[in-house]
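Here are my notes after going through the model. They are in no strict order, so pick whichever points are useful to you.

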Protein chains: 4
Amino acid sequence: MEKMRVAILGASGYSGEELLRLLLRHAGVEVTCITSRQNAGEPVGRVFPRFAESALRFVAPDVARIAACADVAFLALPHGTASEYAMPLLEAGVKVIDISADFRLRDAAVYKKYYKEEHPSPALLKTAVYGLPERYRAAIRGARLIACPGCYPTSIILPAAAVLAAGLVETGGIVAASLSGVSGAGRKVDLPYIFPECNESVRPYAVTGHRHLPEIEQELAAAAGIPALAMNFLPHLVPVNRGIHSTIVLQPKAGLAVEQVTAAMQAAYAAEPFVRLLGPGGLADTKHVTYTNMCEIGWTLDAHTGRLILSSAIDNLTKGASGQAVQCMNILCGFEEGCGLR
Amino acid sequence: MEKMRVAILGASGYSGEELLRLLLRHAGVEVTCITSRQNAGEPVGRVFPRFAESALRFVAPDVARIAACADVAFLALPHGTASEYAMPLLEAGVKVIDISADFRLRDAAVYKKYYKEEHPSPALLKTAVYGLPERYRAAIRGARLIACPGCYPTSIILPAAAVLAAGLVETGGIVAASLSGVSGAGRKVDLPYIFPECNESVRPYAVTGHRHLPEIEQELAAAAGIPALAMNFLPHLVPVNRGIHSTIVLQPKAGLAVEQVTAAMQAAYAAEPFVRLLGPGGLADTKHVTYTNMCEIGWTLDAHTGRLILSSAIDNLTKGASGQAVQCMNILCGFEEGCGLR
Amino acid sequence: MEKMRVAILGASGYSGEELLRLLLRHAGVEVTCITSRQNAGEPVGRVFPRFAESALRFVAPDVARIAACADVAFLALPHGTASEYAMPLLEAGVKVIDISADFRLRDAAVYKKYYKEEHPSPALLKTAVYGLPERYRAAIRGARLIACPGCYPTSIILPAAAVLAAGLVETGGIVAASLSGVSGAGRKVDLPYIFPECNESVRPYAVTGHRHLPEIEQELAAAAGIPALAMNFLPHLVPVNRGIHSTIVLQPKAGLAVEQVTAAMQAAYAAEPFVRLLGPGGLADTKHVTYTNMCEIGWTLDAHTGRLILSSAIDNLTKGASGQAVQCMNILCGFEEGCGLR
Amino acid sequence: MEKMRVAILGASGYSGEELLRLLLRHAGVEVTCITSRQNAGEPVGRVFPRFAESALRFVAPDVARIAACADVAFLALPHGTASEYAMPLLEAGVKVIDISADFRLRDAAVYKKYYKEEHPSPALLKTAVYGLPERYRAAIRGARLIACPGCYPTSIILPAAAVLAAGLVETGGIVAASLSGVSGAGRKVDLPYIFPECNESVRPYAVTGHRHLPEIEQELAAAAGIPALAMNFLPHLVPVNRGIHSTIVLQPKAGLAVEQVTAAMQAAYAAEPFVRLLGPGGLADTKHVTYTNMCEIGWTLDAHTGRLILSSAIDNLTKGASGQAVQCMNILCGFEEGCGLR
């Protein structure tokens, strides 16, 4: 059988590296093109020695060239830049799976508010499908442009949407405290991210106005069937390479029993290949999901305060970015959904 | 001037080590006795090579012996065990500064509920003073038995009590998400604490019923001037040696302006030697307080949800345990409050 | 095609976990039995949540039961214990791949000297094949009992044997300084291995008499074609989960040119699927090999002192233990050598 | 008593931060000036929140200004830049304690070979005293310009010089394998030093031609009483913030007994306040010396190979840089040698 040809734009960052890790062993695809402005001309093994056995070389991004050699393009580019490539690639008939933030928000005004600039391709927002298979699998199947969720949003939406969609909790007053490894900041060379500044350090940041907040709110509101909601999202940076854990506190509707939560979780996710339900009282641990595409979810109904506490863990580079992108590609292209991901 | 003589019971754990670090360089005291059942007979440098220059040796704990050589005894013992020593030491005229959990709760019934056994010395609960200098300095001055706060409680009570005492926030619905380094579990040899199980792992635990919860609730209720409150305390274990960060979400009373929070914080702590106010928008970082007795506090009023977000950081072994105990000793014994702590 | 049936004895340690990670995705085998005295009866997901999707349960080790359900048995048991199972399993017709130290040394007297007890099955020492494919591939093909190399030995023998076998260096005066992650100590619950004792700590240990020393010397002497040699092996513990790096200093024979080293390395390893040659001046980094079965090797001829410096990195749990064991199984059973390892 | 006035040039790096930590609590000195081109005008607490209680502000470096307010100047500047300030400060009568590499080598030609540029002030090389108190205390007392040793050199010279000076070992064939925390690279914002590139990574670098090599060789030759020697220095980067461990292998002269090594170590260091002798068989651990000015030293005579193995640990920022500089200042200025360092 002929292999599907894929390109990775912006392949020299951590999401790009993770895409390479997953796609180079995927039986159904061939990586035909990897781009990096900075590393153009270099063999992939110069930047990522663990791929030294691959003959791939970085090239400068060029739409015509990509269109000539790829059926699907992954955009692991900074937000803003991703938009510049999405439209011409789509016009050239290449399907686009975007890992950046450019097409996640349905409302260009919200994009402007959080990203401080006009959305570069507002027309595309309508055609983009939010690439969270557990909630949009059918739409992903027929998509041309997939906007993969952010890492924090994946870890929060998966557990919270299930109980919101089931009408078990109030939509107001949600608090999500998330802890992320440093690769979540990308392969960014900046003082706050050098080793001695991160190691033996625990710190929150952007506790108001984080760019992932509107995306989380959009999807939780959608799950609840309401136009909008407002919540508190509290991201923290912790000294691990990979992994995000989110603890989410919600206000149950009167009389909620934990069995209803269990039933809602099972209805939503029991058949999902990449969600692991830990059961009532279960607490997730990033250690159990790193280097996998799995999302662990546990839930606890606190008799003391009456609140519902959700706990979830993902690998921010896999289920939180590149693994989920590959899962979307598998759905889009008719591969078995877990192909290359186990 | 004659030095005050101090004993440390249970000196072979991390709190004991930190007490030694602080007291061996304290100009006003002489450490005359360190106890450890397990290490009795060994020179302190065998267990803690960084104190190899000290001539101290561990001895088995013996009340008569301690009473003969110490004016003040620090109890760095497990809960339950601390009680066994407190009463006879007090009767022998030794002042007691307890780092364990035995005398923090004013209500023996609450102790039983959370510690699953009868309180061993309920009579002493009335005489014990809660050793949080920023809130109980006057009482500490005249105390005979000081119950030093837990590490998590210190990090949560300091920021939250200020706004509760000022009547700026509701007492219901408080959520505190805390992140602790592994030394917070003590020098415990158990599978969950070996390096490969903690490193590259982020995980919550005891999200309901943690033993520090009633202590936090007791003190926050006291600050608010109400008999009791119920809140969510969400502890997480993260791979650092030292440090606790707490992010606390509270519901402001109607019309609260951030300037009122700033004023309340300054009124409470501007003159405190071991509280660092980061101002509105400030976010604490454990890296800035490790190996110090300082508590960093920042506050943010979230225009989006209307919630007040507090951020605090301490070193769990210093301000969260042994440093605070030394601060209490300084107050109790008339030393300058920061002696040995800078 | 019918799958080969494999058993893992001692599956609840880190080597066992790594064997599970590799074998559960190996297309040619079925894991039919995993043993653990301590966890007998529990589903594998209780101990290792990342395998929660597997239906396997731990059972107590029982030779008859294993012989009934397995063609090949991996022994991830402590030394001494492995021997007890090897003989009856072999007699029952099960091929044995041992990850312990029991069959690595050809001389029972050396075993006694380093392990402080009589070798439990000296007769088997003659039939055991040393499971280092790059040096013993032909013998592995026909083996019944394979003794997989230790982690340190793998990282030192691979680079050093190539230059010794080529006669490029002296056999005296070799110094190997190795740095190992903490998983190298196994899933051992002991004070030196708890997180706060390892994190922010760098320390050598067993700089004389380490149990891996005689194994390294045996194989380097064999490569050099001499009966024995004596060298210095300097292991250090560093705070990472996985990975070993070895830096090895050797005395070249007169007139050695770096090109000769390069030629010897290429002759030995250019065709090897799991050796990556970094070329002259190359320095290995554990980061590039973790979670892979690869060994990175670089070499530098120091003009200043005339010494040859080799640098190598492996993942101690993969190429240093379980990955190499699977590679041996692939050779032994006629699978493609990299099956399950890419 | 009037306090001595000190300035710190280049105070915004990690060595500068450590100087501040030590000098702000030093009873005999007042820090009157801290310079940083990049942070000029900012209060010290903006860059280092742990010093927020200090009123110091960074200023741009200006010799006249420094000369007007300081008796002693610490140069925590990059090599090359330090020289530019040393001469005019000395001419203005300010004593200079340099932490950079500019005045450590006695031979300008060696400087040029390793630093790839002409030495900027070769005349000063003759007047500079090498700031290793354990070997040059008398000269430090009368110095005007002190060149503090590098971090690696301190960890290697202290143990090795003692046995070389006593004539116990050969001067050829020395191998030193050193492991350093990441703060050793300074507060450098560069890709190899961001957290995800260092964490879970162990790697050697500069195994030939490291800039600390000639300094180590110079001092070991001096200790041995010979003009020069050549050795192998093998630095490795490991994921800790602070600490260096060095393992050094030397060839004993015929018939050496370990008691002679013990005697030489005791003769050299028993009276030293900042050397801790671990005795024969002792192995150092960075964990025992971090945040202290101590150097731990152990020694082992390997009966198997006949080699002598030394093990040493320091905190690279304290005994390896700023602590040693303060120790030198104490000697130079007549303070008790451990003032501010305990």
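1. Why is helix H1 (residues 14-23) of chain B largely enclosed by the rest of the structure? Keep in mind that we are looking at a predicted model. Nine of the 10 residues of this helix are buried, so the rest of the structure largely encloses it. The buried set in H1(B) is B:Tyr14, B:Gly16, B:Glu17, B:Glu18, B:Leu19, B:Leu20, B:Arg21, B:Leu22 and B:Leu23. As for what they pack against, chain B supplies strand E1 (4-9), strand E2 (29-35), helix H2 (44-47), strand E4 (72-75) and helix H11 (318-333). Chain C joins in with its helix H8 (195-198).

2. On to the sheet in chain A. Seven strands make up an open, parallel sheet, and the order is E3-E2-E1-E4-E5-E7-E6. Strand E3 (58-59) and strand E6 (129-130) sit at the edges, each pairing on one side only. If you want one pairing to look at, take strand E5 (residues 95-98) with strand E7 (residues 145-147) of chain A, which run parallel over three bridges. There, A:Ile97 has A:Ile146 in E7(A) as its bridge partner.

3. Next, the contact between chains A and D. About 1700 Å² is buried between them, with carbon and sulfur atoms giving 63% of that. Chain A brings 19 residues to the contact and chain D brings 19 residues as well. Two salt bridges cross this interface, and there are eight residue pairs in polar contact. On the chain A side, helix H9 (residues 195-198) gives the most, with four residues. That side divides into 11 nonpolar, three polar and five charged residues.

4. For a specific pair across that interface, try A:Glu197 and D:Arg187, whose side chains meet in a salt bridge at 3.3 Å, N to O.

5. Is D:Glu215 buried or exposed? Its relative accessibility is 1%, so D:Glu215 counts as buried. The residue belongs to helix H9 (residues 213-224) of chain D. Apart from neighbours within four places in sequence, D:Glu215 contacts D:Arg104, D:Leu105, D:Tyr130, D:Pro149, D:Gly150, D:Pro153 and D:Ile157. With D:Arg104 there is a side-chain polar contact of 3.4 Å. D:Ile157 is 58 residues away along the chain, yet the two C-alpha atoms are separated by 9.3 Å.

6. Salt bridges come to 68 over all chains. One of them joins the side chains of A:Arg5 and A:Asp71 at 2.9 Å, N to O. The two are 66 residues apart, with A:Arg5 in strand E1 (residues 4-9) and A:Asp71 in the loop between helix H3 (63-69) and strand E4 (72-75) of chain A. A:Arg5 is partly exposed at 28% relative accessible area, and A:Asp71 is partly exposed at 28% too.

7. Chain C offers a pair with C:Arg342 and C:Glu336, whose closest N and O atoms are 3.5 Å apart. C:Arg342 counts as exposed at 55%, whereas C:Glu336 counts as partly exposed at 47%.

8. Chain D has a salt bridge between D:Arg5 and D:Asp71, with 2.9 Å between the closest N and O atoms. D:Arg5 lies in strand E1 (residues 4-9) and D:Asp71 in the loop between helix H3 (63-69) and strand E4 (72-75) of chain D, so the pair ties together parts 66 residues apart in sequence. Finally, a network of salt bridges with shared partners joins A:Arg187, C:Asp285, C:Lys287, D:Glu197 and D:Arg203.

Methods:
Residues are numbered from 1 along each chain as its sequence is written. Chains are lettered from A and ligands numbered from 1 in the order in which they are written. This is a predicted model: local features need pLDDT of at least 70, side-chain atom pairs count only at pLDDT 80 or more; totals for chains, interfaces and linings use all residues. Side-chain values use heavy atoms; hydrogens and water are left out. Two strands pair if DSSP finds at least two bridges between them. Contact means heavy atoms within 4.5 Å. Buried area is the accessible area (1.4 Å probe) that two parts lose on being put together, summed over both. A salt bridge is a side-chain nitrogen of Lys or Arg within 4 Å of a carboxyl oxygen of Asp or Glu. A polar contact is a pair of N or O atoms within 3.5 Å; within protein, one must be able to donate a hydrogen and the other to accept it, and residues adjacent in sequence count only if both atoms are side-chain atoms. Ala, Val, Leu, Ile, Met, Phe, Trp, Tyr, Cys and Pro count as nonpolar, Asp, Glu, Lys and Arg as charged, and the others, Gly among them, as polar. Buried means under 20% relative accessible area, exposed over 50%, partly exposed in between (1.4 Å probe, protein chains only).
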